[in-house]
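Here is a short briefing on one protein chain. Look at the sequence and the structure first, then read on.

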Amino acid sequence: MRILLVLAHPLEDSFAAAVAKTAEETLVAGGHQVDLLDLYREDFDPRLSEAERRGYFDQPYDTSAVEDIVARLQAADGLMLVFPQWWFNFPAILKGFFDRAFAPGIAFRHDSAGGRIVPQLSNIRLFWALTTTGSPWWVVHLYMGNPVRRLLKRGIAAFCSKRLDFRMLTLHDMDRISEPKRLAHLARVRYALAALPL
């Protein structure tokens with residue numbers, strides 16, 4: 001399987017970077033092809049331009065400003081996101097990735113009758129998120145209702161592809177946990193990815 005592995009963290013020595021490295025090494029060892037898209041290192045601009053917004057309903061929609069990333073997304077069988085949750089949401093650069101690359105004609109098409117959107121990322125069979133949050137499990141799930149999972153599964157994955165394998169592995173309470181627990185989470189990531197079929 002060809003995996004587009006998207007990393008969204010500004011620090012090269014972050015725990016997110018360690019998760020991405022673990023994921024990449026495990027996937028390659030399992031016979032998968034990995035295309036690492038490090039949004040910060042590749043200097044991705046998350047801002048939707050005026051032209052992109054004005055042309056949102058044009059057919060075809062102009063994706064020339066992000067054509068390299070769109071090509072990488074369309075070449076993938078799976079999408080794996082690695083990011084921290086900040087304020088119970090995505091880092092801005094990852095939100096911009098969705099805004100600009102998950103565009104009309106790429107991730108979905110507008111229904112000619114209006115209203116609905118029709119999924120178009122049929123090549124994506126796997127959609128995983130490997131994430132961390134500074135909040136405890138109970139705050140994320142019970143108080144906030146796990147908004148990032150809902151946004152990814154119901155608001156992005158389901159609208160862009162059908163019959164895909166969605167999974168989210170989250171390390172909670174990131175700012176207070178011990179090093180052994182961080183290492184245990186990396187082992188959990190390694191174990192989950194080692195079981196992925198080709």
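W86 is partly exposed, because its relative accessible area is 35%, between the limits of 20% for buried and 50% for exposed. This model is predicted. The notes below begin with W86, move out to the whole chain, and then go back to single places.

**Around W86**

- W86 sits in the loop between β3 and α4.
- Which residues does W86 touch, leaving aside its neighbours within four places in sequence? They are H9, P10 and P91.
- W86 and V148 are 62 residues apart in sequence. In space, their C-alpha atoms are 10.0 Å apart.

**The whole chain**

- The protein chain contains seven helices and seven strands.
- Their order along the sequence is β-α-β-α-α-β-α-β-β-β-α-α-β-α.
- The C-alpha trace spans about 50 × 40 × 30 Å along its principal axes.
- How does the radius of gyration fit a compact globule? A compact globule of 198 residues would have a value near 16 Å, and the protein chain has 17 Å, which agrees.
- Of the 198 residues, 48% count as buried.
- Take the contacts with a separation of 6 or more. Residues 24 or more positions apart account for 78% of them.

**Surface and charge**

- The accessible surface of the protein chain is about 10,400 Å². Carbon and sulfur atoms hold 53% of that surface.
- The chain carries 24 positive and 22 negative side chains. The centres of these two sets are 10 Å apart.

**Helix α4**

- Helix α4 covers residues 92–101.
- Why is α4 described as largely enclosed by the rest of the structure? Seven of its 10 residues are buried, so the description follows.
- The buried residues of α4 are I93, L94, G96, F97, F98, R100 and A101.
- These buried residues pack against several elements. The strands are β1 (2–7), β2 (33–38) and β3 (78–85). The helices are α2, α3 and α6.

**Aromatic rings**

- A pair of aromatic rings is described by the distance of the centres and the angle of the planes.
- The count here comes to 10 aromatic pairs.
- One of these pairs is F98 with F102. The ring centres are 5.2 Å apart and the planes stand at 90°, so the pair is edge-to-face.
- F98 is buried, with a relative accessible area of 6%. F102 also counts as buried, at 6% relative accessibility.
- F127 and F166 form a tilted pair. Their centres are 5.9 Å apart, with 35° between the planes.
- The F127 and F166 pair links distant parts of the chain. F127 is in strand β6 (residues 126–133) and F166 is in strand β7, 39 residues apart.
- F127 is buried at 2% relative accessibility. F166 is buried too, with a relative accessible area of 14%.
- Which residues do ring pairs link into a cluster? They are F44, F83, F90, F97, F98 and F102.

**Backbone details**

- The peptide bond that joins Q59 and P60 is cis, with omega about -5°. P60 lies in the loop between α2 (50–54) and α3 (67–75).
- N146 has a positive phi of about 50°, although it is not a glycine. N146 belongs to the loop between α5 (137–143) and α6 (147–160).
- Is N146 buried or exposed? N146 counts as buried, because its relative accessibility is 11% and the cut-off is under 20%.
- R163 is not a glycine either, yet it has a positive phi of about 55°. R163 is in the loop between α6 and β7.
- Is R163 buried or exposed? R163 is exposed, because its relative accessible area is 80% and the cut-off is over 50%.

**Around H172**

- H172 is in the loop between β7 (165–171) and α7 (179–194).
- H172 is buried, with a relative accessible area of 16%.
- Leave aside the neighbours within four places in sequence. H172 is then in contact with T133, S135, P136, W137, V140, H141 and I177.

How values were computed: Residues numbered from 1 in each chain as written. Predicted model: local features only at pLDDT ≥ 70, side-chain atom pairs only at ≥ 80, totals over all residues. Heavy atoms only, no water. Helix = DSSP H or I, 4+ residues; strand = E, 2+ residues; numbered from the N terminus. Rg over C-alpha atoms; globule rule 2.2 N^0.38 Å. Buried < 20%, exposed > 50% of the residue type's maximum accessible area, 1.4 Å probe, protein only. Contact = heavy atoms within 4.5 Å. Areas by Shrake-Rupley, 256 points an atom, 1.4 Å probe, with all protein chains shown as cover. Lys, Arg positive; Asp, Glu negative; His and termini not counted. Charge placed at Lys NZ, Arg CZ, Asp CG, Glu CD. Phe/Tyr/Trp six-rings, centres within 6.5 Å; stacked < 30°, edge-to-face > 60°.
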